[in-house]
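Below is a walk through one structure, going from single residues to the packing of helices. Please keep the view open while reading.

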Amino acid sequence: MNLSKSVGIAALFLIIFLSGYGLHRSGKPYHTLLFNLHKLVSLGAMVWLLVTATRAQRVEPLSTLGLSLVIAATVFFVATIASGGLVSLEKPAPAIVARAHKLLPYLTAASSAAAWVFLTR
């Protein structure tokens, strides 16, 4: 496993979580720079995972487990980004969406970590 890349992906998730906590604490309206940093770093982490999966697939076809981990992480990423978009609207999001956006980042991080470990072993 490449240590520098692992540190890089861990740093991305740290930035995502810290900026998310900062946004939550500051309340609406969200600080534009912090909000955009949060969104773009999240998108970048998802792209990094997909690029890593694509490169691994070129070397050797992914097993069912590997593909399942990548798909799960991607679904959690998309759900997290979508729920974050709904939470960020001026009109309050339904309670289930707000709760989902508090849980989904942890599922995204865990599934992404599992996929990352699998893809880089």
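**Two threonines and two helix pairs**

Apart from neighbours within four places in sequence, Thr74 is in contact with Met46 and Leu50. The model is a predicted one. Thr74 itself belongs to helix α3. Its relative accessible area is 18%, and the limit for a buried residue is under 20%, so Thr74 counts as buried. Met46 and Leu50, the residues it touches, have numbers that fall in helix α2, which covers residues 32–59.

A second threonine, Thr80, is also placed in helix α3, which covers residues 64–88. Thr80 has a relative accessibility of 12% and is therefore buried as well. A polar atom of its side chain lies 2.7 Å from the backbone oxygen of Phe76. When neighbours within four places in sequence are left aside, the contacts of Thr80 are His101, Leu104, Pro105 and Thr108. The numbers of these four residues fall in helix α4, residues 95–119.

The next step is to look at how whole helices pack. Helix α1, made of residues 3–26, packs on helix α2, with the two axes 9 Å apart and an angle of about 150° between them. Angles over 145 degrees count as roughly antiparallel, so α1 and α2 are roughly antiparallel. Their crossing is left-handed. On the α1 side, the residues that meet α2 are Lys5, Gly8, Ile9, Leu12, Ile15, Ile16, Ser19, Gly20, Gly22 and Leu23. On the α2 side, they are Leu34, Phe35, Leu37, His38, Val41, Ser42, Ala45 and Trp48. Sorted by class, this contact holds eleven nonpolar residues, six polar ones and one charged one.

Helix α2 also meets α4. What angle do the axes of α2 and α4 make where they cross? They cross at roughly 30° and come within 10 Å. Angles under 35 degrees count as roughly parallel, and α2 is therefore roughly parallel to α4. This crossing, too, is left-handed. From α2, the residues taking part are Trp48, Leu49, Thr52, Ala53 and Ala56; from α4, they are Ser112, Ala115, Trp116 and Leu119. By class, the contact has seven nonpolar and two polar residues, with no charged ones.

Trp48 of α2 appears in both lists: it is among the residues that meet α1 and among those that meet α4.

Definitions and conventions: Residues numbered from 1 in each chain as written. Predicted model: local features only at pLDDT ≥ 70, side-chain atom pairs only at ≥ 80, totals over all residues. Heavy atoms only, no water. Helix = DSSP H or I, 4+ residues; strand = E, 2+ residues; numbered from the N terminus. Buried < 20%, exposed > 50% of the residue type's maximum accessible area, 1.4 Å probe, protein only. Polar contact = N/O pair within 3.5 Å; in protein donor to acceptor, adjacent residues only side chain to side chain. Contact = heavy atoms within 4.5 Å. Axes fitted to C-alpha atoms, helices over the stretch in contact; angles between N-to-C directions. Parallel < 35°, antiparallel > 145°, perpendicular 65-115°, else oblique. Left-handed = near helix turned anticlockwise from the far one by under 90°. Nonpolar A, V, L, I, M, F, W, Y, C, P; charged D, E, K, R; others polar.
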